[in-house]
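Subject: The structure I promised you

Hi there,

Here is the structure I said I would pass on. Please open it beside this email, and my notes follow underneath.

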Amino acid sequence: MIIVMSDSHGESKVIQDIKATYQDKASAIIHCGDSELEATDPIWQGITVVRGNCDFEDVFPETAVLSADQEKIFVTHGHLQNVNFGLTRLAAAAQENQCRIACFGHLHTPIATVEDGVLCLNPGSVAQPRGSYSTKMYARIELSATHYHISYRDLAHQAIPQLQFDLPRVSR
Ligand SMILES: [Mn+2]
C-alpha cells in the first residue's frame, strides 16, 4: 500500500496522524509539496517529500523517485510540469525516470487517471480542498497484478464513496 498526501499548507498534525496510521502498513508515504514546514522537521522521517511553489526553502527536492510495491514512483508538486494545463508533461517526466506512477499536488483536487501509460495521481489536499469536492483528503494506492486500486480517504481515514477507482495497470 502506498499513501499519498499533499498541500498541507502549514498543518502538521494531519501529516503526523496519517504517518502514525500507516507507518506500519504502508510501503511508502508520500507528500507532494506545499507543506510549508522546514525540511529538517523530524516529521519527514519515513516520508518522501518534495518542494511545492509555496515552500520557500529550496532544501526540499523538486522531484523524487522511489520504489515501492514493485513500482517506481515519480513525485513532484506539479507546477513545474504545468499541471494546470494538462498532464502530458507530468507523464513524460515520469517516463523519463522509468516510472509508471506520477504523484503530484498543486491542484488541491483529486485526480486519478492514466495518461500515456502513466498513472497520474493527485491526492487532493489534506488542508485546503478545491474544486468539486470540499473534503480534506488523501489517497491510498493498492496494487494487484492487473489493477491499481485507488481509495481516497477523509481525515477520519474513511473511504469517500464517490472517489474509489480501479484502473488497469499497463504493462510495458
Ligand atoms: Mn498548494
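A good place to start is Ile2, which stands opposite Ala28 in β2. Please keep in mind that this is a predicted model.

That pair belongs to two strands, β1 and β2, which run parallel and are joined by 4 bridges. Together with α1, these strands form a right-handed β-α-β unit. On β2 itself, Ala28 and Ile30 point one way while Ile29 and His31 point the other, and all of them are buried. In a regular strand, side chains alternate between the two faces of the sheet. His31 also stands opposite Val49 in β3, and β2 and β3 run parallel with 2 bridges between them.

Now for the sheet as a whole. It is an open sheet of 6 strands in the order β3-β2-β1-β9-β10-β11, and the pairing is mixed. At its edges stand β3 (48-49) and β11 (159-168); each has a single partner strand, so one side of each is left without a neighbour in the sheet. The partner of β11 is β10 (residues 147-154), and the two run antiparallel, with 6 bridges joining them. Within this pair, His147 stands opposite Pro168 in β11. Helix α1 (residues 13-22) packs on the sheet, where it touches β1 (2-5), β2 (28-31) and β9 (137-143). The direction of α1 makes about 175 degrees with that of β1.

Next, the interior. The largest nonpolar core has 41 residues, and the members that touch the most others are Ile3, Val4, Ala102, Cys103 and Leu121. Which residues is Ala102 in contact with, leaving aside its neighbours within four places in sequence? They are Phe74, Leu90, Ala91, Ala94, Val118 and Cys120. In soluble globular proteins, nonpolar side chains tend to be buried together.

Finally, the whole chain. There are 2 helices and 11 strands, and from the N terminus on the elements run β-α-β-β-β-β-α-β-β-β-β-β-β. The radius of gyration is 14 Å, close to the 16 Å that the globule rule gives for 172 residues, so the chain is as compact as a globular protein of that length. Along its principal axes, the C-alpha trace spans about 40 × 30 × 30 Å. Buried residues account for 40% of the 172 residues. Of the contacts between residues at least 6 apart in sequence, 48% join residues at least 24 apart.

Happy to go through any of this together.

Best wishes

Technical notes. Residues numbered from 1 in each chain as written. Predicted model: local features only at pLDDT ≥ 70, side-chain atom pairs only at ≥ 80, totals over all residues. Core = buried A, V, L, I, M, F, W, Y, C linked by C-beta atoms within 7 Å. Buried ≥ 20, exposed ≤ 12 C-beta atoms within 10 Å, placed from the backbone. Contact = placed C-beta atoms within 7 Å. Pairing = 2+ DSSP bridges. Axes fitted to C-alpha atoms, helices over the stretch in contact; angles between N-to-C directions. Right-handed = clockwise from strand over helix to strand, strands pointing away. Rg over C-alpha atoms; globule rule 2.2 N^0.38 Å.
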